[in-house]
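Biologist: I am new to this structure and would like to learn how its features are read. May we take them one at a time?

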Amino acid sequence: MKRFQKFMSYVIVATLASMVTLALCQQPAPAHQQSKLEQLEQLILDKFIGEADKTAMEDAAAYAMVESLGDRWSYYIPADQYSAYLEQMENSYVGIGVTIQVLEDGPGFLVTKVNDGGPASLAGMLPGDLMVAVDGTDVRGWDAEDTSALVKGEENTTVDITVIREGEEITLTVTRMLVQTPVGIGKMLEGNIGLVTIVNFDNRCAEETIAAIDSLLTQGAEKLIFDVRFNPGGYVHELCAVLDYILPEGDLFRSVNYKGDESLETSDAKCIQGIPMAVLVNGESYSAAEFFAAALREYDYALVVGEPTVGKGYFQQTYRLSDGSAVGLSVGRYTTPKGVSLANVGITPDVEVPVDEALFAQIYYGNVPADEDPQILAAIEALNVANMP
């Protein structure tokens with residue numbers, strides 16, 4: 001990370017006899033006590049004729065410093081967004097428990113999913129409802145982020161959500177609650193094939209994913225498909241716990257940090273045996289998600305199906321700053337069990353199944369049934385062919 005040079009103060013000594021000072025230059029406070037950024041900030045706050053927002057200036061400077069690294073994986077989190085960041089990592093938030101989709105031309109937000117037993121479900125909201133207002137504020141034409149912010153609030157408070165259902169406008173009063181986002185979800189498909197969707201590798205991933213696998217095997221699953229499409233990655237310990245459960249004894253995760261310290265995570269002998277597997281990936285499978293697919297393939301445990309992944313080979317550490325903001329900084333590199341770096345390379349699937357933008361979006365929003373999803377169907381076909389005598 002570049003260091004910013006400190007300005008050196010220059011001492012002007014006038015020793016010429018019979019000379020007078022022709023001009024006086026106003027100098028700032030001794031520059032050796034301040035960095036360039038501190039000097040600039042103080043100069044703006046003291047001298048700028050307009051209004052200056054100190055927090056906005058410091059956020060902009062922080063964004064620029066991180067961006068100057070040229071590392072797409074490092075990021076800055078403003079103080080007012082840190083709690084939302086923690087909610088994401090915890091896979092929980094205070095809200096109403098729905099997934100919404102932005103519609104073209106701004107007629108409202110399509111409710112694509114209502115969490116079972118969640119606040120919206122208890123209030124009577126249904127998938128297919130069109131959300132048009134929140135607490136009386138018309139949100140048609142808004143973006144999803146601003147609308148979600150309006151829906152969220154303090155736990156145990158209420159929010160009125162107006163939806164259009166079958167042409168009729170209905171207002172539902174929903175009590176905001178702590179909602180846990182499902183992370184590992186199991187579903188039995190035809191032909192005794194178990195589908196395990198891993199949303200991310202953040203908190204509760206290993207617990208829920210292992211439970212989903214166990215449940216499917218108990219139900220008689222003879223093959224498994226792991227869906228890590230749109231999975232942004234997560235914690236190493238969650239990833240390794242899932243891999244350890246699936247894979248036999250051996251190396252799992254190799255890494256080296258900025259100090260040069262190397263570490264190696266390994267798996268014990270307990271594993272899943274005799275179950276053909278496939279992993280679904282796409283261009284939004286990042287970090288732990290693509291590593292998961294790579295590890296299963298290197299152990300000859302799974303075929304990889306879908307679209308090429310992005311290729312992330314660095315891991316980040318989040319550091320909290322004094323004003324409540326934070327920075328996620330790339331502090332090390334990792335490689336697959338066989339020592340292969342995925343950085344800027346990613347994974348090329350064994351079976352490539354490209355989809356167009358429209359279908360890509362519909363898969364993301366969960367609007368494509370498994371028996372109509374071409375990538376799931378390709379995985380099923382690949383497993384059936386691989387299992388033929």
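Modeller: Let us begin with a single residue. At 2% relative accessibility, Asp129 counts as buried. The term means under 20% relative accessible area; over 50% is exposed, and partly exposed lies in between (1.4 Å probe, protein chains only). This is a predicted model, in which local features need pLDDT of at least 70 and side-chain atom pairs count only at pLDDT 80 or more, while totals for chains, interfaces and linings use all residues. Residues are numbered from 1 along each chain as its sequence is written, and side-chain values use heavy atoms, with hydrogens and water left out.

Biologist: Which side chain meets that of Asp129 in a salt bridge?

Modeller: The general idea is that side chains of opposite charge can pair when their charged atoms come close. The criterion is a side-chain nitrogen of Lys or Arg within 4 Å of a carboxyl oxygen of Asp or Glu. Here the partner is Arg165, at 2.8 Å from N to O. Arg165 belongs to strand β7 (residues 158–165) and Asp129 to the loop between α4 (119–123) and β5 (130–134), so the bridge ties together parts that are 36 residues apart in sequence. Unlike the buried Asp129, Arg165 is partly exposed, with 23% relative accessibility. Helices (H or I, at least four residues) and strands (E, at least two) are DSSP runs, numbered from the N terminus.

Biologist: How many salt bridges does the structure hold, and which residues are linked in a network of them?

Modeller: There are eight salt bridges. The network links Asp227, Arg229 and Asp373. Asp227 meets Arg229 at 2.9 Å, N to O, and both residues are buried, Asp227 at 8% relative accessibility and Arg229 at 8% as well. Arg229 also forms a bridge with Asp373, where the closest N and O atoms are 3.0 Å apart. Arg229 lies in the loop between β12 and α7, and Asp373 in the loop between α9 (357–364) and α10 (374–386), so this pair ties together parts that are 144 residues apart in sequence. Asp373, like Arg229, is buried.

Biologist: Which charged residue is buried yet has no salt bridge?

Modeller: Lys and Arg count as positive and Asp and Glu as negative; His and the chain ends are not counted. Lys312 is such a case: the nearest side chain of opposite charge, Glu290, is 7.2 Å away. Lys312 is found in the loop between β16 (302–306) and β17 (314–320). Contact means heavy atoms within 4.5 Å; beyond residues up to four places away in sequence, Lys312 touches Trp73, Ser287, Glu290, Tyr334, Leu342 and Ala343.

Biologist: Over which ring does the charged end of Lys312 sit?

Modeller: Such a placement requires NZ of Lys or CZ of Arg within 6 Å of the ring centre and within 35 degrees of the ring normal. The charged end of Lys312 sits over the ring of Trp73, 5.5 Å from its centre. Another case is Arg320, whose charged end lies over the ring of Tyr82 at 3.8 Å from the centre.

Biologist: How many aromatic pairs does a search of the whole structure find?

Modeller: Rings of Phe, Tyr and Trp (its six-membered ring) pair if their centres lie within 6.5 Å; planes under 30 degrees apart are stacked, over 60 edge-to-face, and the rest tilted. The search finds 12. One of them, Phe253 with Phe291, is tilted, at 4.9 Å centre to centre and 50° between the planes. Phe253 is in strand β13 (residues 250–257) and Phe291 in helix α8 (residues 288–298), 38 residues apart, and the pair links distant parts of the chain. Both rings belong to buried residues. Tyr364 and Tyr365 make an edge-to-face pair, 5.1 Å centre to centre with 75° between the planes. Tyr364 is exposed, with a relative accessible area of 51%, whereas Tyr365 is partly exposed at 22%. These two tyrosines form one aromatic cluster with Phe230 and Phe360.

Biologist: Which residues of helix α7 are buried, and what covers them?

Modeller: In α7 (residues 236–246) the buried residues are Glu238, Leu239, Cys240, Val242, Leu243, Tyr245 and Ile246. Their cover includes α6 (205–218), β12 (223–227), β13, β14 (262–267), β15 (277–281) and α8.

Biologist: How many helices and strands does the protein chain have?

Modeller: The protein chain has 10 helices and 19 strands. Of its 389 residues, 40% count as buried.
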